[in-house]
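Grab a pencil and work through these exercises with the model open beside you. Try each task before you read its solution.

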Amino acid sequence: MITIRPATPDDAETIAHLHRQAVQELAKDYYSLEERESWSPPVDQGRIDKVLNEMKEAIMIVADNDGIIAGFGSIIPSKNELHACYVSPSFTRQGVGSKIMDALETIAKEHGLKTLKLNGSMNAEAFYRSKGFLVEQYRKYTTNCGGRIDSVNMIKNLS
Ligand SMILES: CC(C)(COP(=O)(O)OP(=O)(O)OC[C@H]1O[C@@H](n2cnc3c(N)ncnc32)[C@H](O)[C@@H]1OP(=O)(O)O)[C@@H](O)C(=O)NCCC(=O)NCCS
């Protein structure tokens with residue numbers, strides 16, 4: 001059974017690997033291998049440290065399937081921003097992403113947010129639309145590795 005719980009530092013390495021697997025498998029119809037490598041390079045200590053740093057800046061949660069992490073997501077309330085939502089390829093299209101989004105929206109409302117914005121990947125646009133987000137603009141996103149990839153800015157009114 002899937003339960004949503006806060007991410008802990010012990011989850012960081014698994015989250016880093018899940019990020020890479022999700023990008024490599026689920027975004028391949030929209031982004032070239034070079035673009036996917038730039039978005040989510042091989043996991044090393046630097047990438048794990050980046051997840052640990054994100055846990056400090058953002059509120060991060062995981063979808064836990066009886067001890068196996070099926071997905072994770074995060075928001076940064078001070079920026080009105082949905083920062084991440086990633087689901088393991090083995091769990092996709094089973095409602096896990098929706099559970100993560102529901103939990104993040106509840107947290108956003110608890111923080112008094114009236115809107116939530118995100119910069120999403122093209123492969124995730126239909127998912128975010130199904131969650132009530134509207135497109136603001138399409139733009140190039142600069143990855144941590146310096147790559148420039150297509151992305152979409154979206155926004156949802158929470159009230
Ligand atoms: C986007 C993502 C989080 C969706 O997670 P998921 O658990 O598969 O989503 P859900 O099962 O909750 O889907 C809910 C609805 O979203 C829509 N949806 C989800 N994935 C979709 C896809 N690939 N194409 C079209 N619609 C999609 C559908 O309407 C779906 O409902 P349905 O399955 O009843 O048709 C997942 O595909 C993923 O991790 N992708 C790679 C990482 C990524 O790009 N994350 C976003 C970064 S900005």
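**Exercise 1. Find out how strand 5 and strand 7 pair, then look at what else strand 7 pairs with.**

Step 1. Strand 5 and strand 7 run antiparallel and are linked by six bridges. Two strands count as paired if DSSP finds at least two bridges between them. The helices and strands themselves are DSSP runs (H or I of at least four residues for helices, E of at least two for strands), numbered from the N terminus.

Step 2. Pick one pair: Leu116 has Lys156 in strand 7 as its bridge partner.

Step 3. Now go to strand 6 (residues 134-142), which is antiparallel to strand 7 and joined to it by eight bridges. Here Thr142 sits opposite Arg148 of strand 7.

Step 4. Check the turn. The hairpin of strand 6 and strand 7 has five residues between the strands, and Gly146 takes a positive phi near 90° there.

Before you go on, two notes on the model. It is a predicted one, where local features need pLDDT of at least 70 and side-chain atom pairs count only at pLDDT 80 or more, while totals for chains, interfaces and linings use all residues. Residues are numbered from 1 along each chain as its sequence is written.

**Exercise 2. Describe the hairpin of strand 3 and strand 4, and say how covered strand 4 is.**

Step 1. Strand 3 and strand 4 are antiparallel, with six bridges between them. One of the pairs is Gly73 with Cys85 in strand 4.

Step 2. Four residues lie between the strands of this hairpin, and Asn80 has a positive phi near 55°.

Step 3. Count the buried residues: strand 4 has five among its seven, so call it mostly covered. Buried means that 20 or more other C-beta atoms lie within 10 Å of the residue's own; 12 or fewer makes it exposed, anything in between partly exposed, and the C-beta atoms are placed from the backbone.

**Exercise 3. Is strand 1 well covered or hardly covered? Find its partner too.**

Step 1. Strand 1 (residues 2-6) is hardly covered, as zero of its five residues are buried.

Step 2. Its partner is strand 2: the two run antiparallel, with five bridges joining them. Arg5, for instance, is bridged to Val62 in strand 2.

**Exercise 4. Work out which parts of the chain build the largest nonpolar core.**

Step 1. A nonpolar core is a set of buried Ala, Val, Leu, Ile, Met, Phe, Trp, Tyr and Cys residues joined through C-beta atoms within 7 Å.

Step 2. The largest one has 37 residues, and those touching the most other members are Ile15, Ile61, Phe72, Tyr86, Ile100 and Leu104. At least two residues each come from helix 1, strand 2 (59-65), strand 3 (68-76), strand 4, helix 4, strand 5 (115-120) and strand 7 (148-157). Helix 1 gives the most, with seven residues.

Step 3. Zoom in on Leu104: leaving out residues up to four places away in sequence, Leu104 touches Ile61, Gly73, Ile75 and Leu82. Being in contact means that the two C-beta atoms, placed from the backbone, lie within 7 Å.

**Exercise 5. Characterise the shell around the ligand.**

Step 1. The ligand is surrounded by 21 residues, the closest being Gly97, Ser98, Ala124, Ala126 and Ser130. A residue is near the molecule if its C-beta atom, placed from the backbone, lies within 6 Å of it.

Step 2. Helix 1 (12-26), strand 4 (81-87), helix 4 (96-110) and helix 5 (125-130) supply at least two shell residues each.

Step 3. Sort them by type: 11 are nonpolar, nine polar and one charged. Nonpolar here covers Ala, Val, Leu, Ile, Met, Phe, Trp, Tyr, Cys and Pro; charged covers Asp, Glu, Lys and Arg; the others, Gly among them, are polar.

**Exercise 6. Why does Met55 count as partly exposed?**

Step 1. Locate Met55: you'll find it in helix 3 (residues 45-57).

Step 2. Met55 counts as partly exposed because it has 18 C-beta neighbours inside 10 Å.

Step 3. Beyond the neighbours within four places in sequence, Met55 is in contact with Ala7, Pro9 and Met60.

**Exercise 7. Read the order of helices and strands along the chain.**

Step 1. The chain has five helices and seven strands.

Step 2. Their order along the sequence is β-α-α-α-β-β-β-α-β-α-β-β.
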